[in-house]
Amino acid sequence: MSAGKISSGSEIDDPGYPTPEENYLTNSKGLLSWIFTLDHKRIGVMYLVGVSVAFLVAGLLAIGIRLHLMSPDGWFLETGAVKAITGDKPTNDVYNQVFTLHGAIMVFLFIIPSVPAALGNFLVPIMLGAKDVAFPRLNLSSFYLWMFGAFFFISALLASGLDTGWTFYTPYSTTSNTSVILATSGAFILGFSSIFTGLNFIVTINTMRPPGMTWFRMPLFLWATYATSIIQVLATPVLGITLLLLIAERTMHIGIFDPQYNGDPVTFQHFFWFYSHPAVYIMILPAFGVISELISVHSHKRIFGYRFVAYSSIAIALLGFLVWGHHMFTSGMSPVTTIIFSALTFSVSVPSAIKVFNWLATMYKGSISLTTPMVYAIVFIFLFTIGGLTGLHLGTLATDQHLHDSYFVVAHFHFVMVGGTLVAFLGGVFHWWPKMFGKMYSEKGGIASAALVFIGFLVTFLPQFILGSRGMPRRYATYDPEFQTLHVASSIGSLILGLGLFVALFVLLKSLFSKERAPANMWGGATLEWACTSPPPFYNFQRAPAVDDPYDFTDIVWDSVSERYVRVEPERKLAPEEQPAHAGE
Amino acid sequence: MATSEAGHSADQHAGDAHGHDHDHPDYLAHHFDTPEQQFDSGKLGMWLFLVTEVLFFSGMFCAYAIFRAWRPEVFEGCSQFLNTKLGAINTGVLLFSSFTMAWAVRASQLEEHKKTAALIATTLCCAMVFLGVKAVEYSHKWAMGLLPAGLFSYDENNPHPPGPNWLLYICMPFIVITIGVFLWMVFSWATKAKFQFQCAKPLFFVCLSFFGGVYLGTVLEPKVEDHAVHASADGHADAAEHAEGDPHAEGDSHAEGEAEAAGADEGEHTEEAHEAAPAEEETEEPVIELGSVVPKSGTMVDTSRDLEIQRKLASVEANSAVRDELNALERQDMNASGAITYHQTDDTSNTIAGSEEDVMRRSRAGVFFSIYYCMTGVHAIHILAGIGVLVWLLVRSLRKDFNRNYYGPVDYVGLYWHLVDLIWIYLFPLMYLIR
Ligand SMILES: [Cu+2]
């Protein structure tokens with residue numbers, strides 16, 4: 001039970017330096033106070049740790065893949081050190097399992113919960129000026145479902161691995177003798193974790209907005225989270241039933257997906273992508289929200305075209321449900337269907353482009369501070385634009401015939417998911433780190449990590465576009481010697497990328513041990529989370545905060561004496577008794 | 001899971017030692033400002049959860065639609081194995097339980113605590129009757145080998161092979177629970193634990209109603225010896241004609257069906273099985289079937305494995321590309337060997353139409369039962385979950401937790417229960433009444 005003690009002294013409301021005993025990290029002690037906490041901030045922090053560990057595991061697997069591909073006949077997985085672990089399994093089987101687990105862990109355990117569950121849990125209630133999410137217990141159970149799902153994945157890894165690719169395509173997944181059931185059960189459970197998080201956020205945003213915060217005075221991060229949550233609630237159940245049917249197919253041979261029993265594997269693909277295409281928007285939409293905040297705050301300028309950015313999130317969420325067929329252009333759909341899916345796929349690029357243009361317009365004539373989060377945001381815009389535009393090649397029917405299942409797809413996907421989501425996640429972590437832990441990291445180290453990530457990323461994945469367009473298929477353990485130069489370049493890039501990520505981790509962890517405390521408003525933001533202390537107190541706000549325009553930076557100026565941002569005007573705060581009883585529309 | 005969050009409010013507060021000196025009532029969670037806000041949040045949350053539930057089932061409804069469109073005769077044929085009487089009774093029972101549930105919501109708003117508890121207990125009894133009837137239906141089908149595609153082993157000549165008593169196995173956990181509740185009731189009565197006795201008494205009757213359901217089911221489900229009734233379940237699309245007659249009158253076609261079914265066994269045995277099967281029908285009107293697709297002459301043995309897989313893919317309507325490829329491959333092969341072994345190339349697309357007599361083959365009939373078990377099984381799991389939350393609700397209503405300002409949990413569980421009911425109302429006609 002998370003019992004909190006908050007003194008009613010006035011210093012807690014002072015947006016300056018909190019007394020360290022009185023924030024959410026210190027109000028109760030001991031392991032149990034974390035395990036049974038209902039505090040959204042602690043749950044957010046636990047998610048942050050959890051997804052980081054998952055990312056580390058999946059990242060190391062990725063490095064393993066890249067090192068293996070240094071030589072045309074495969075190198076790394078043949079080496080003695082790896083053989084000592086894998087035993088006498090054929091190397092190519094090991095390779096299949098490594099890339100499968102890399103994909104499955106990255107997608108289900110890292111990217112999907114990264115921004116919504118880790119940053120979202122921490123930020124959504126604070127940005128709303130609320131004390132917590134609508135269903136704190138459900139929130140905690142989401143986290144434990146995540147842990148439980150992760151446990152299943154680990155057992156799959158330890159049992160007999162998984163070699164179906166993260167997509168679990170039938171009929172291979174019904175015949176593969178690896179632990180498909182364990183892994184799909186894990187994904188099924190993770191799906192429920194994701195559903196409950198999304199449900200919680202929708203309800204929180206709908207019913208717990210403070211008086212004065214209309215829909216169009218919400219920070220854009222909340223809009224993005226809301227759109228994401230809609231997808232989580234609407235798409236994930238379909239994945240759930242698909243995986244359940246897959247498990248039934250394996251155990252009872254129900255003959256729905258397995259052609260051996262008159263089933264239809266293409267039906268599986270339809271079911272799977274009906275979730276998994278919207279799922280890529282679960283992965284990228286929250287990143288859009290993070291970037292909207294970062295660009296606006298660090299340019300100290302009102303976001304350009306607020307309503308367009310907000311509506312485009314909803315548009316992406318809804319259009320995202322209509323394009324799943326573009327994964328199956330080569331699976332034998334009718335020509336008419338493929339044309340419709342192709343056209344719809346192109347339509348999704350419109351709201352995405354609206355966002356990019358609005359971010360650029362926000363930066364234009366803004367007073368940009370090149371802080372670590374801002375550098376990450378700029379890296380994001382650059383990489384995401386490439387990722388988005390190469391998606392058009394794959395959405396085009398003719399070119400997709402050539403590029404399907406090649407490294408081009410791999411590169412495109414990683415530009416969007418790593419160059420997009422991961423970079424935005426890192427930017428967000430750097431942006432809100434001082435708020436979460438009340439400690440400031442070394443800006444130099446942060447920018448160095450961003451530069452290494454950027455360079456490493458480009459060296460890793462640009463060659464893969466060329467590889468793919470020259471015909472290198474994905475998921476192969478060996479390749480023609482003519483591809484070696486590009487593969488080696490890509491492998492070296494992955495090491496640089498890995499180094500950059502370790503630098504980021506080091507910089508952040510090191511800051512925790514510094515004595516200097518971060519001010520309440522580190523960057524001069526106008527959203528509500530910057531109005532409470534760093535780290536926030538247990539109940540976020542002693543009094544309901546006054547809601548202002550989240551992108552009005554005119555009152556917030558840098559005070560060089562105290563070396564932090566302050567509001568020049570005294571805040572117009574409503575006394576509690578003046579508040580309307582309930583957040584209206 | 002669904003509803004546990006809905007009721008997180010009341011017991012939450014007790015452990016909170018936060019220093020707010022507000023005048024929150026007990027049932028209002030600390031992070032809500034007003035009871036209305038709490039109620040609205042819970043209700044929206046519940047509706048969203050129901051949306052996910054609908055989407056969860058929609059996957060299976062999609063599968064149903066796809067396979068019924070592809071094999072209408074299989075669905076119509078197999079549907080006759082379902083006992084419409086039992087399905088109708090279950091529909092009525094669930095509808096009635098929805099009514100008592102809605103009434104319970106009203107009673108809790110009016111603070112009629114006794115009535116609320118009685119109505120919730122009635123709802124629980126209905127849920128148990130439903131499960132009891134379902135247990136009879138399931139166990140009877142299992143005994144007959146009417147199982148999902150891979151396990152399907154129905155034999156028309158011997159529809160009731162000796163086997164384990166499935167009904168007893170299903171009843172086992174319920175018997176244990178009933179005895180447990182009975183002991184609890186007696187114990188709490190003996191020790192004069194008044195509240196515990198109050199809880200145990202209705203729960204004992206709830207447990208008993210499961211066996212009421214089982215009794216109802218066994219009375220109405222045809223007996224093992226009663227072959228005449230099974231005639232209606234013989235799986236022919238036109239079974240109505242000989243529904244009253246003896247199924248073995250059509251012994252010949254049955255024998256064929258037998259052979260076919262044997263031929264459709266696991267891949268490795270297919271060849272031998274086919275050799276053994278009486279070949280008259282095969283030569284007259286060859287029909288390409290999954291699992292029975294094996295080259296008959298030696299000419300195609302080399303490519304047979306690939307071809308077999310291809311053929312499996314091709315027999316699915318949508319895979320037009322695969323079928324084209326396959327046809328091309330065959331033509332190639334024929335040209336190469338000079339021997340035309342397959343004259344039924346076109347039949348790959350015709351397996352669906354005009355093959356009423358092999359509806360009951362393992363590889364075909366199974367898919368109906370796959371979908372039947374998936375849908376009704378997941379539905380039954382939802383009933384079980386509903387029973388769980390209803391028991392929780394019963395205890396809380398006996399504790400008089402609910403009042404005119406705080407009846408959210410009853411309302412939310414009610415919504416959930418109506419959805420479970422509604423899904424069954426779709427399942428019943430789609431499964432039982434499609435002939
Ligand atoms: Cu897609």
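**Entry 1: transmembrane spans, chain B**

I looked up the transmembrane regions of chain B first. The unreviewed UniProt entry lists residues 47–67, 87–105, 117–136, 166–187, 370–395 and 415–434 as "transmembrane region". I am reading a predicted model here. I checked two of these spans against the coordinates. Residues 87–105 of chain B are 100% helix and 0% strand. The end C-alpha atoms of that span are 27 Å apart. I then took residues 117–136 of chain B and found 100% helix and 0% strand again. Here the end C-alpha atoms lie 29 Å apart.

**Entry 2: H4(B) against H5(B)**

Next I looked at how the helices of chain B pack. I note that two packed helices are described by the angle between their axes and the distance between the axes. H4(B) covers residues 84–109. Its axis is 8 Å from that of H5(B), and the packing angle is about 165°. Angles over 145 degrees count as roughly antiparallel, so H4(B) and H5(B) are roughly antiparallel to each other. H4(B) passes H5(B) in a left-handed crossing.

I listed the contact residues. From H4(B) they include Leu86(B), Asn90(B), Phe96(B), Met101(B) and Trp103(B). From H5(B) they include Lys115(B), Ile120(B), Phe130(B), Lys134(B) and Glu137(B). By class I get 14 nonpolar, 7 polar and 3 charged residues for this contact.

**Entry 3: H5(B) against H6(B)**

I followed H5(B) to its contact with H6(B). H5(B) spans residues 113–144 and H6(B) spans residues 166–190. Their axes come within 8 Å and cross at roughly 150°. That makes H5(B) roughly antiparallel to H6(B). The crossing of H5(B) past H6(B) is right-handed.

Which residues make the contact of H5(B) with H6(B)? On H5(B) I find Met128(B), Leu131(B), Ala135(B), Val136(B), Tyr138(B), Ser139(B), Trp142(B) and Ala143(B). On H6(B) I find Trp166(B), Leu167(B), Ile170(B) and Phe174(B). The class split is 11 nonpolar, 1 polar and no charged.

**Entry 4: chain A, annotated domain**

I moved to chain A. An unreviewed UniProt entry annotates residues 34–548 as "domain: Cytochrome oxidase subunit I profile". I computed 70% helix and 0% strand for that span. The end C-alpha atoms of residues 34–548 of chain A lie 33 Å apart.

**Entry 5: H4(A) against H7(A)**

I picked one helix pair in chain A. H4(A) runs over residues 91–127, and H7(A) over residues 180–207. The axes come within 11 Å and cross at roughly 25°. Parallel or antiparallel? The angle makes H4(A) roughly parallel to H7(A). Their crossing is left-handed.

The H4(A) side of the contact holds Phe108(A), Leu109(A), Ile112(A), Pro116(A), Gly120(A), Asn121(A) and Val124(A). These meet Ala187(A), Leu190(A), Ser194(A), Phe201(A), Thr204(A) and Ile205(A) in H7(A). I count this contact as 9 nonpolar, 4 polar and no charged residues.

**Entry 6: hairpin in chain A**

Last, I looked at strands. S1(A) is residues 556–559 and S2(A) is residues 564–567. How do S1(A) and S2(A) pair, parallel or antiparallel? They pair in the antiparallel sense over 4 bridges. The two strands form a hairpin with 4 residues between them. Glu563(A) sits in the turn and has a positive phi of about 55°.

I checked the cross-strand partners. Trp558(A) has Tyr565(A) as its bridge partner in S2(A). Asp559(A) stands opposite Arg564(A) in S2(A). I keep in mind that side chains of a regular strand alternate between the two faces of the sheet.

How values were computed:
Residues are numbered from 1 along each chain as its sequence is written. Chains are lettered from A and ligands numbered from 1 in the order in which they are written. This is a predicted model: local features need pLDDT of at least 70, side-chain atom pairs count only at pLDDT 80 or more; totals for chains, interfaces and linings use all residues. Side-chain values use heavy atoms; hydrogens and water are left out. Two strands pair if DSSP finds at least two bridges between them. UniProt positions are given in the numbering used here, feature names are shortened, and annotations may be inferred rather than shown by experiment. Axes are lines fitted to C-alpha atoms, for helices over the stretch in contact, and angles run from 0 to 180 degrees between N-to-C directions. Angles under 35 degrees count as roughly parallel, over 145 as roughly antiparallel, 65 to 115 as roughly perpendicular and the rest as oblique. A crossing is left-handed if the near helix is turned anticlockwise from the far one by less than a right angle, and right-handed if clockwise. Contact means heavy atoms within 4.5 Å. Ala, Val, Leu, Ile, Met, Phe, Trp, Tyr, Cys and Pro count as nonpolar, Asp, Glu, Lys and Arg as charged, and the others, Gly among them, as polar.
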